[in-house]
Amino acid sequence: MNRERMVANFIEMIKIHSPSLKEKEYADYLVALLEEMGLEIYLDNGYVNYGGTAPTIFGKLKGNIEGKGVTLVSHIDVVEPSKGVNPIIEGNIIKTDGTTTLGGDDKGGIASIIETLRTIIENNISHEDIYLILTPCEENAMLGAKNIDWGSIPAHMIPAKDAIVIDNAGRAGLIAHTAPSRYNFRITFKGKKAHAGIEPEKGLNAIQLASIAIANMKMGRIDSLTTSNMGTIESNFPSNVVADLCVATGEVRGHSKETILETLKGYKKCCEDAINSFGGEFEFEEICDFPALKPIDDLKFAKEFAKIYESMGVETQLQVIGGGSDSNIFAERGYNSIIIGVGMYDVHTVNESLDINELCKTTEAVINYISK
């Protein structure tokens, strides 16, 4: 592993502007680099379904020993503000001048993948097939992963089911294996208009209906594995009009689909009670934004990777996390993912930083796992 080369590659990549939906320049850069390294590439153009500009990049470095192979996963989009990144290196820390995000999420993960491949190729390290999935638009509702046309991928390019997702915040040694599902919901309350100053008794205020219903909904921590939040309440009327429409949106996320659906059922009951008491109507819409991520091998893969870290003297921690990622989407197709960290801190903020030492530890661990 070449530390200086990996850092230089990371710096080069974060200077390529690649916010969600506008990743084409960076995708072109990666395809050219990976093909130059000798990988076979397949591009999935699911981005046309959501107005994006960049494909999901599938790559394969054919192995020279038999085995089921391994898949390395990262995403190519970054969170704004990210244009004109001015990287500053202070000791082992890479940060910005405080006006932009850094892009370590997830170009730190991609830098690790590229250095892993370079090291394996240059040192003629024996390995099973190595697959890549580099997705666009992960930060925007995981649209890239959600729109992959799996049926069109050539059979020999279908990635291995064990996937190392290099996209965890925090130090090396953190291994996330379980993440929740999220359901988004939207409630439309309908009342009746009237002049608020002349004849308000002829109206029915939809904002009040929403307030009564929402006040009776249990929010926040539902139980140890389930959370809920109301995100928006919208109704735009002048004060002299009794509002006849109010729309509220929120989410429920958790590790048990049954608990999530039971929570949503309770929210519908709160709406029904408000309508039955005061009149009006409501519509309740719900959609699964992403499914839960759970190990399918009783944590065998996660524990194997933990042993690699431990052999290097890196303290490990198996994690159940509260956020979603592309791993959740891939889980529906039978992928067994672990999500590991490369030293990203304060992600999605202008205080974002990347610890080079942690980046190197995880990269060394991935190399060691592949060459084990």
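A pocket is an open set of grid points with protein on both sides within 12 Å along at least five of seven lines, and the exercises below apply this term to a predicted model.

**Exercise 1.** Determine what volume the largest pocket has, which residues lie nearest its centre, and which strand gives the most to its lining.

*Solution.* Begin with the volume of the largest pocket, which is about 460 Å³. Next, turn to its lining of 20 residues, where Glu 138, Glu 139, Gly 323, Gly 324 and His 348 lie nearest the centre. Then assign the lining to elements: strand 7 and strand 15 (336–345) each supply at least two residues, and strand 7 gives the most, with three residues. Finally, sorting the lining by class yields eight nonpolar, six polar and six charged residues.

**Exercise 2.** Describe the second largest pocket by its volume, its lining and the classes of its residues.

*Solution.* The volume of the second largest pocket is about 280 Å³. Of its 18 lining residues, Lys 68, Gly 69, Glu 128, Tyr 369 and Lys 372 are closest to the centre. Two or more residues come from each of helix 7 (300–311) and helix 9 (356–370), and the largest share, three residues, belongs to helix 7. By class, the lining divides into nine charged, six nonpolar and three polar residues.

**Exercise 3.** Establish how many cavities of 30 Å³ or more the whole structure holds, and what lines the largest cavity.

*Solution.* A search of the whole structure finds one such cavity, and the largest cavity has a volume of about 30 Å³. Its lining includes Val 73, Ser 74 and His 75, together with Asp 106, Val 165 and Asp 167. Strand 3 provides the largest share of this lining, three residues, and the residues divide into two nonpolar, four polar and three charged.

Terms used: Residues numbered from 1 in each chain as written. Predicted model: local features only at pLDDT ≥ 70, side-chain atom pairs only at ≥ 80, totals over all residues. Heavy atoms only, no water. 1 Å grid on protein atoms, 1.4 Å probe; cavity = no way out; pocket = protein on both sides within 12 Å on 5 of 7 lines; lining within 4 Å. Points joined across faces, edges and corners; volume = space filled by probe spheres on them. Helix = DSSP H or I, 4+ residues; strand = E, 2+ residues; numbered from the N terminus. Nonpolar A, V, L, I, M, F, W, Y, C, P; charged D, E, K, R; others polar.
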